[in-house]
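Open the model in your viewer and keep the sequence panel beside it. We will go from stop to stop, with something to select at each one.

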Amino acid sequence: MKIVFVKCVFFLFTAGLIFSQSVEREQGLVTAEPFWRQALGGEVIALPHVQAQSAVVVLDGGNIRAYSTAGTPMWNYSARGRISPYVTRSREGTSYFTRTNGTLIAVNRAGRELWRRDIGQPLCARVVTGWDGRLFVPTSGRILCFTASGNLLWSKELSVPFLISPVQDRFGGIIFALENNEVHRIDPFGNINIWALTNTPAFVVPLDPQRRDDGSQLTIPAPELQRSGHRIMVIYTNGSIEILGAPAGDWFISSFSDMRSSILTSLPSRPISAAGMGNNAAVLLDDGKVSMFSIEERSIIWTGITHIREMMNLGRSAVLDAQIIFDERGVYVLSINGATAFTHEGRRLWFSYLENAAAIPAFGNDGVLYSGGRDWILYAYRIESRVLPQRNALYGPVPDGSYGLGRPYAFYELDIPLNETETISKVEYIGAAVNSGSLGENEPSWTSFILTQAASRGPIQLRINALNILGKIGSQETIPWLINIYNRENEPSIKSAAVKAIGDIGVDPEGTALRTFLFAILQGGIREEQVLSAIASSTGAICRFSGPPMSGMGIRILNLLSAASQPSVVRRQAERELASLR
């Protein structure tokens with residue numbers, strides 16, 4: 001099993017860290033001192049993940065511990081059973097993992113369990129988070145897609161186990177390879193492209209023609225733009241490189257692509273790790289060198305010497321298992337023996353040697369190298385001052401694009417029934433599909449239809465049903481649409497249903513919904529018990545899911561709703577929600 005990492009991740013290792021800050025200082029190595037350390041109380045079994053100014057660590061005793069990036073212990077969650085060695089955090093800091101009995105668990109950034117689902121098997125790789133909070137969940141022989149609040153959207157059976165674990169592609173879907181040498185690309189709605197390969201792939205690297213080499217986005221993908229197709233670089237175990245491409249056409253229609261280029265080049269030695277950005281890919285080779293391959297030039301444009309090669313030159317043994325981070329700052333090669341940094345142009349910035357490390361290190365977005373090892377102690381080393389530039393909201397980085405679910409699209413209008421009876425029937429049919437976890441490839445068109453019905457002037461119950469369905473579909477992209485319905489509607493039952501849908505989605509990463517609720521309460525324009533109770537319930541759900549920083553605003557809303565001046569039913573609901581946050 002190989003995992004391709006294109007984003008910065010965290011791992012733990014025991015280290016005596018010796019490093020050089022620049023090429024000019026390579027002969028005068030300096031010993032680094034950790035700027036904090038913390039006892040873990042157990043052996044680490046999973047790749048930790050950092051998000052929302054904290055890092056989580058999975059231990060062998062079935063516990064997950066969280067630490068702030070300043071080293072302060074935050075919480076300790078017990079799964080009451082063994083945990084599989086994979087954990088993923090979403091942008092708001094929710095951790096997703098499984099017990100070895102196949103129970104998928106979500107724990108918020110404050111250490112509170114949100115939900116659990118029986119998926120039959122434990123994870124065989126990390127969960128991949130989509131742009132709107134959805135989760136791509138890999139198990140042996142199956143991929144499942146859940147909303148952030150735990151509703152099943154679709155699942156796909158796989159004929160053979162994974163060879164290369166899923167990674168996010170440049171359009172918000174996932175790519176991976178199976179042991180039968182097939183490369184699969186699954187879009188966010190379960191549509192599949194498959195390429196049958198004649199050789200064994202070592203890595204699959206998604207390419208992004210809409211992203212510059214410095215990582216900045218040329219355009220934000222949307223349904224209209226995604227029809228241009230996609231490209232995947234395949235690096236084979238023998239060192240050859242090939243580009244797979246999907247045809248232009250309707251993004252939502254499943255097809256088997258046979259568009260592929262000839263072999264572009266052959267690397268000088270066996271690939272060990274790879275990562276891509278824009279139209280380039282950085283590949284670590286078994287001779288300890290890293291090469292930058294350009295798709296546009298169809299050749300290697302530079303080769304650099306890593307700490308692994310330096311050790312080989314000194315006659316020291318070097319472990320070849322390694323990972324590459326390729327981001328806006330440059331290229332980082334990480335192995336159990338050390339780390340090396342390069343600019344995009346190939347100039348080596350610094351390198352390090354690690355002694356007695358327990359595992360591959362991780363280099364954070366904050367320029368910190370995190371370590372922990374056989375002594376069960378977590379260390380953090382400040383190794384460079386550069387911070388990864390990111391567009392941040394209240395939580396983590398803003399997603400690279402949109403799935404286009406936040407508004408109806410004109411090209412679905414032909415699917416809208418002509419009379420009220422047909423409309424009601426279709427809403428019921430869609431609701432049944434959502435409840436059964438079989439939304440799948442119909443999600444874009446059905447969501448567009450449901451958005452239209454929720455905002456229509458149709459029967460009140462029809463609109464309420466549509467709003468309830470939007471809550472179960474669970475895409476963060478629909479929250480602005482729901483807020484707009486809440487703001488412009490006068491009918492209390494419609495306003496309440498819109499608020500409830502937001503709570504069912506559970507995630508409000510921009511804080512827009514809570515600000516809307518707070519403003520409405522402070523203005524004193526809401527008098528209906530039904531609407532106020534819905535706001536209390538939805539606010540509690542958002543705070544439980546997200547934790548800080550949302551809980552501050554949410555607690556203020558709930559305190560206002562629990563005041564003596566509010567109706568008794570509203571006060572009781574607000575007090576229940578406040579109690580659930582303690």
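Start by selecting Asn 181, which sits in the loop between strand E17 (174-178) and strand E18. Helices (H or I, at least four residues) and strands (E, at least two) are DSSP runs, numbered from the N terminus. Asn 181 has a positive phi, near 65°, and is a residue other than glycine. For context, most residues other than glycine have a negative phi. Asn 181 counts as buried, because its relative accessibility is 15%; buried means under 20% relative accessible area, exposed over 50% and partly exposed in between (1.4 Å probe, protein chains only).

A word on what you are looking at: this is a predicted model, in which local features need pLDDT of at least 70, side-chain atom pairs count only at pLDDT 80 or more, and totals for chains, interfaces and linings use all residues. Residues are numbered from 1 along each chain as its sequence is written, and side-chain values use heavy atoms, with hydrogens and water left out.

**Another positive phi**

Now select Arg 80, in the loop between strand E7 (73-78) and strand E8 (88-89). Arg 80 is not a glycine, yet its phi is positive, about 55°. Is Arg 80 buried or exposed? Arg 80 is exposed, with a relative accessible area of 71%.

**Around strand E19**

Move on to Pro 188, in the loop between E18 (182-186) and E19. Pro 188 is buried, at a relative accessible area of 0%. Add Arg 134 to the selection: the C-alpha atoms of Pro 188 and Arg 134 are 8.4 Å apart, although 54 residues separate them along the chain.

Asn 193 comes next, within strand E19 (residues 192-196). Asn 193 is also counted as buried, at 8% relative accessibility. Select Gly 245 as its partner: the two C-alpha atoms are separated by 9.8 Å, with these positions 52 residues apart along the chain.

**Zoom out**

Show the whole chain as a cartoon. How many helices and strands are there in the chain? The chain has ten helices and 35 strands. Of its 582 residues, 61% count as buried. Among contacts between residues at least 6 apart in sequence, 57% join residues at least 24 apart, where contact means heavy atoms within 4.5 Å.

**Helices H2 and H4**

Two packed helices are described by the angle between their axes and the distance between the axes. Here, axes are lines fitted to C-alpha atoms, for helices over the stretch in contact, and angles run from 0 to 180 degrees between N-to-C directions.

Select helix H2 (residues 420-435) and helix H4 (residues 460-473), which pack at an angle of about 25° with their axes 10 Å apart. That makes H2 roughly parallel to H4; angles under 35 degrees count as roughly parallel, over 145 as roughly antiparallel, 65 to 115 as roughly perpendicular and the rest as oblique. To see the contact, display side chains including Ile 424, Val 427 and Ile 430 of H2 and Leu 462, Ala 466 and Ile 469 of H4.

**Helices H5, H6 and H8**

Next, pick helix H5 (residues 479-488) and helix H6 (residues 492-505), packed at about 155° with axes 8 Å apart. H5 and H6 are therefore roughly antiparallel to each other. Among the residues that meet are Leu 482, Ile 483 and Tyr 486 in H5 and Ala 498, Val 499 and Ile 502 in H6.

Keep H6 selected and add helix H8 (residues 529-546): these two pack at about 5°, with their axes 8 Å apart. H6 and H8 are therefore roughly parallel to each other. Their contact includes Val 499 and Ile 502 of H6 and Ala 534 and Ile 535 of H8.

**Last stop: the cores**

Stay on Ile 535. Not counting residues up to four places away in sequence, Ile 535 touches Tyr 486, Val 499, Phe 517, Ile 521, Ile 526, Ile 557 and Leu 561. In the largest nonpolar core, with 69 residues, those with the most contacts inside it are Leu 467, Ile 535 and Leu 561. A nonpolar core is a set of buried Ala, Val, Leu, Ile, Met, Phe, Trp, Tyr and Cys residues joined through side-chain atoms within 4.5 Å.
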